[in-house]
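Dear colleague,

I am handing over the structure we spoke about, and I would be glad if you could look through it with the notes below at hand. Please keep the sequence and the 3D view open side by side while you read.

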Amino acid sequence: MVPLSFREISERLKKTDLPEIDLVIGIGSGGIVPAGFVAFHLNAELQVITLNYRDEQNNPRYDEPRILQKPEWQLEGKRILLVDDVSVSGKTINTALELLKGFNVKTMAMKGKADYVLFPEIKDCVKWPWKP
């Protein structure tokens, strides 16, 4: 397991060339803290979409990710960055992208697959500083 600190994540974020963003949407629950970091860094609004696919041991809980709370946002004309902690299969991000179809959305993950990946070199599990 690769330990990462808040400082390491913050330093990597500062070095990442991100587009102009109006709204950061964090995928809850794992993407809430990373999205908060990113929204603060970009001085952007923060919202959360609550999806669930995996349990606490990282095993799939359902056949497909489930939307636990359907958001009611005004997204017209906003440049959106959808953030999750990890995107390995892409199922959770893709489920969220379906809800955001037709809007200007880019994706970001701390590790895995997305338009922007902070730690593309990390292939192992990560000990995130916000998880006990």
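**A lysine and its partner**

Lysine 131 is partly exposed, with 38% of relative accessible area. Please bear in mind from here on that this is a predicted model. The side chain of lysine 131 forms a salt bridge with aspartate 85, and the closest N and O atoms of the two are 3.7 Å apart. Since aspartate 85 belongs to strand β5 while lysine 131 sits in the segment after β8 (126-127), the pair ties together parts that are 46 residues apart in sequence. Aspartate 85, for its part, has a relative accessibility of 9% and therefore counts as buried, the cut-off being under 20%.

**Other salt bridges**

The count of salt bridges comes to six, and I describe two others here. Lysine 78 and glutamate 45 form one of them, with 3.1 Å between the closest N and O atoms. Here too the pair ties together separate parts of the chain, because lysine 78 lies in the loop between β4 and β5 and glutamate 45 in strand β3, which puts them 33 residues apart in sequence. Both ends of this bridge are partly exposed, lysine 78 at 24% relative accessible area and glutamate 45 at 36%.

Glutamate 11 and lysine 14 also meet through their side chains in a salt bridge, at 3.5 Å from N to O. These two residues are three apart in helix α1 (residues 6-15), so about one helical turn separates them. Glutamate 11 is partly exposed, at 35% relative accessible area, whereas lysine 14, at 53%, counts as exposed.

**The sheet and the helix on it**

When you turn to the strands, you will find that six of them form an open sheet with mixed pairing, in the order β4-β3-β2-β5-β6-β7. At its edges are β4 (66-69) and β7 (116-117), each of which pairs on one side only. Strand β6 (residues 104-112) runs parallel to β7, and two bridges join them; in one bridge, methionine 108 has tyrosine 116 of β7 as its partner. Helix α2 packs on the sheet, where it touches β2, β3, β5 (79-87) and β6, and its direction makes about 170 degrees with that of β2. As a general point for reading such a sheet, strands pair through backbone hydrogen bonds, and they do so either parallel or antiparallel.

**Two places in the backbone**

Where is serine 29, which a cis peptide bond joins to glycine 28? Serine 29 lies in the loop between β2 (23-28) and α2 (32-42), and the omega angle of that cis bond is about 20 degrees. The other place is asparagine 43, which has a positive phi of about 55 degrees although it is not a glycine. Asparagine 43 is found in the loop between α2 and β3 (45-52), and with a relative accessible area of 72% it is exposed.

**A nonpolar patch**

Finally, please look at the surface, where Ile32, Leu46 and Val48 make a nonpolar patch of about 200 Å². Of these residues, valine 48 is found in strand β3 and counts as partly exposed, at 33% relative accessibility.

With best wishes

Terms used
Residues numbered from 1 in each chain as written. Predicted model: local features only at pLDDT ≥ 70, side-chain atom pairs only at ≥ 80, totals over all residues. Heavy atoms only, no water. Helix = DSSP H or I, 4+ residues; strand = E, 2+ residues; numbered from the N terminus. Buried < 20%, exposed > 50% of the residue type's maximum accessible area, 1.4 Å probe, protein only. Pairing = 2+ DSSP bridges. Contact = heavy atoms within 4.5 Å. Axes fitted to C-alpha atoms, helices over the stretch in contact; angles between N-to-C directions. Salt bridge = Lys/Arg side-chain N within 4 Å of Asp/Glu carboxyl O. Patch = residues over 30% accessible without salt bridge, like charges linked within 9 Å, V, L, I, M, F, W, Y side chains within 5 Å. Areas by Shrake-Rupley, 256 points an atom, 1.4 Å probe, with all protein chains shown as cover.
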